[in-house]
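User: I am new to this structure and would like to learn how to read it one feature at a time. Could we begin with the cysteines and then go on to helices and strands?

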Amino acid sequence: MGVPEKLAERMSMAERHEYLRSRFSRRTLIRGGAVTLGTVAGGAFVPGAAAPAAAIPAAPAPRRTEHVDGALAAPFGRHLAWGNDPRTEITVSWQVPVAVKRPFIRIGAHPWDLSRKIDAEVRTLHTPAGVGASGDHTQYYVHARLSRLRPGQTYYYGVGHHGFDPAEPHLLGTLGTFTTAPAHKAPFTFTAFGDEGVGYHGLANNALILGQNPAFHLHAGDIAYGDPSGAGKTTDTGFDSRTWDQFLHQTESVAKQIPWMPAYGNHDMEAWYSPNGYGGEEARWSLPDNGPDPAELPGVYSFVYGNTAVISLDANDISYEIPANLGISGGTQTTWLEAQLKKFRAARDVDFVVVFFHHCAYCTSTAHASEGGVRQEWVPLFEKYTVDLVINGHNHQYERTDVIKGDTVVKKLPVGGTAYPETEGVVYVTAGAAGRSLYAFTAPDTYEGHEHEVESVSSFVNLKDGKKPETITWSRVRYLDYSFLRVDVTPAPRGRHTTLTVSGIAETGERIDHFTVARRAK
């Protein structure tokens, strides 16, 4: 399968991609079309003009696929994502099992008023036989971008195609809803985790997350594990594109009504589809396109919800541990990050800044531990601009630090404690226990109601020259079982303390950690 291993060792990801393109020159790995935008002004829906799709590498056209009777093909795997402005923009995405004609979305303020129909875009992802375990497999991902929505409004929608109309009485059960961000500051909740995959534990966490009624959900990378090897190479073994069909079906109960915002991890670099490994992700997701280079780094973006700015980063760009995409941005991502942090700190309506990405800045897992590239490139910026919360995955467990600055503990932060980032430092949370098999700690678990404090923990950090052992004192909470994060945001009048209340929630529903981040409201 793929590039011979000895040859691959001497090739960059882009060179391996070109090798595969020549090998499968008569097949298409991925082909994009034109996206039709729908706008909502007041209560009226107006189909927009066609606009270019997200940048997806071109390739020779595949053999023609005959369309089937649309009545025999039902959409599945619905998932939402914010546009650049969550108050007025959202994308509804879904899959169809076979090629269909004229896909569309119906949308309205009431379930009985779905007369407005907006065309959607199909992105076709083809995996040739000989790539992984999935055989010759074609997937059809559909996207409808909506703009000019009303802030704070709940909308009903149905997705369909020729022969399958969700407005038909017998299909009304397929309708979904979403609610846009409010125009002004208001309390809200969001959730987060990383490293989900397909299986029982992912399902269990999803069920609990839906019960939190979050405004959106952050997925800190390693999404479906279609590539279980995770090295970002064409020689990775066990790749199966059909895993994504299972994953999107698994998450649909949440993602069809809660915007599901991913960052990309090492298992999300699927080297067969594009030089940067993200061609498959560009087919499946339609994320905000306000990052430094949406074509090169499609998982890098930002958005503002209420009084909170959220920044998604791609740590594959700076990872020493897994260097398949090391240096891919040439430094532009870090430059963009600083500009975003500076902008949000100066913004009148933004109080909190939350950053999430895959590789951990600070973790004591025996598997991956800490990423030196993150500490070198981004941690100084987090401290300079007093980032309020950093969320990571990569290590399959829950771990939370004390308040850190300059790699040292500025303030111990026990369960139930409060951090003040304006004057103290940054708190880092590893929330990588969404569903994949768990890792291990070198120190005993210590979590809410079961504290077992130790003075120091032995660990290591991944540097350019390899692993460096370190003994650390910043590991405050450790929980080795499946879990996720719940974050409750409570605005306050100007000059008073507005708060982020962060809770670790176990798969059982038990709270394993909680702490507060507070700063003066603008």
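Analyst: Let us start there, keeping in mind that this is a predicted model. The structure holds zero disulfides.

User: Why is there no bond between Cys-360 and Cys-363?

Analyst: A disulfide is a pair of cysteine sulfur atoms within 2.5 Å. Here the sulfur of Cys-360 has its closest cysteine sulfur in Cys-363, at 4.4 Å, which is too far for a bond. Cys-360 is buried, with a relative accessible area of 0%, and Cys-363 is likewise buried, its relative accessible area being 0%.

User: How should I read two helices that pack, and what are the values for H3 and H4?

Analyst: Two packed helices are described by the angle between their axes and by the distance between those axes. In this model, helix H3 (residues 200-211) packs with helix H4 (residues 243-255) at an angle of about 10 degrees, and their axes are 9 Å apart. Because angles under 35 degrees count as roughly parallel, H3 is roughly parallel to H4. On the H3 side the contact is made by Gly-202, Leu-203, Asn-206, Ile-209 and Leu-210, while H4 supplies Gln-250, Thr-251, Ser-253 and Val-254. Sorted by class, this contact of H3 with H4 has four nonpolar, five polar and no charged residues.

User: Turning to strands, in what order do they lie in the open sheet of seven?

Analyst: The order is E15-E16-E17-E19-E24-E20-E27, and the pairing is mixed. Strand E15 (301-305) and strand E27 (475-479) stand at the edges with a single partner strand each, so one side of each has no neighbour in the sheet. On average, neighbouring strands of this sheet are turned by 15 degrees against each other, direction ignored. Within the sheet, strand E20 (residues 398-401) and strand E24 (residues 428-431) run antiparallel and are joined by three bridges, with Tyr-398 standing opposite Ala-431 in E24. Helix H6 (residues 332-346) lies across E15, strand E16 (308-312) and strand E17 (352-356), and runs at about 175 degrees to E16.

User: Which hairpins does strand E29 form?

Analyst: With E28, strand E29 forms a hairpin that has six residues between the two strands, and Gly-495 in the turn has a positive phi of about 90 degrees. Strand E28 (residues 483-490) pairs with E29 in the antiparallel sense over eight bridges. With E30, E29 forms a hairpin that has four residues in between, where Gly-509 in the turn has a positive phi of about 95 degrees; nine bridges join E29 to strand E30 (residues 511-520), and these run antiparallel.

User: How many residues of E29 are buried?

Analyst: Strand E29 (residues 497-506) is mostly covered, as eight of its ten residues are buried.

Definitions and conventions. Residues are numbered from 1 along each chain as its sequence is written. This is a predicted model: local features need pLDDT of at least 70, side-chain atom pairs count only at pLDDT 80 or more; totals for chains, interfaces and linings use all residues. Side-chain values use heavy atoms; hydrogens and water are left out. Two strands pair if DSSP finds at least two bridges between them. Axes are lines fitted to C-alpha atoms, for helices over the stretch in contact, and angles run from 0 to 180 degrees between N-to-C directions. Contact means heavy atoms within 4.5 Å. Buried means under 20% relative accessible area, exposed over 50%, partly exposed in between (1.4 Å probe, protein chains only). Angles under 35 degrees count as roughly parallel, over 145 as roughly antiparallel, 65 to 115 as roughly perpendicular and the rest as oblique. Ala, Val, Leu, Ile, Met, Phe, Trp, Tyr, Cys and Pro count as nonpolar, Asp, Glu, Lys and Arg as charged, and the others, Gly among them, as polar.
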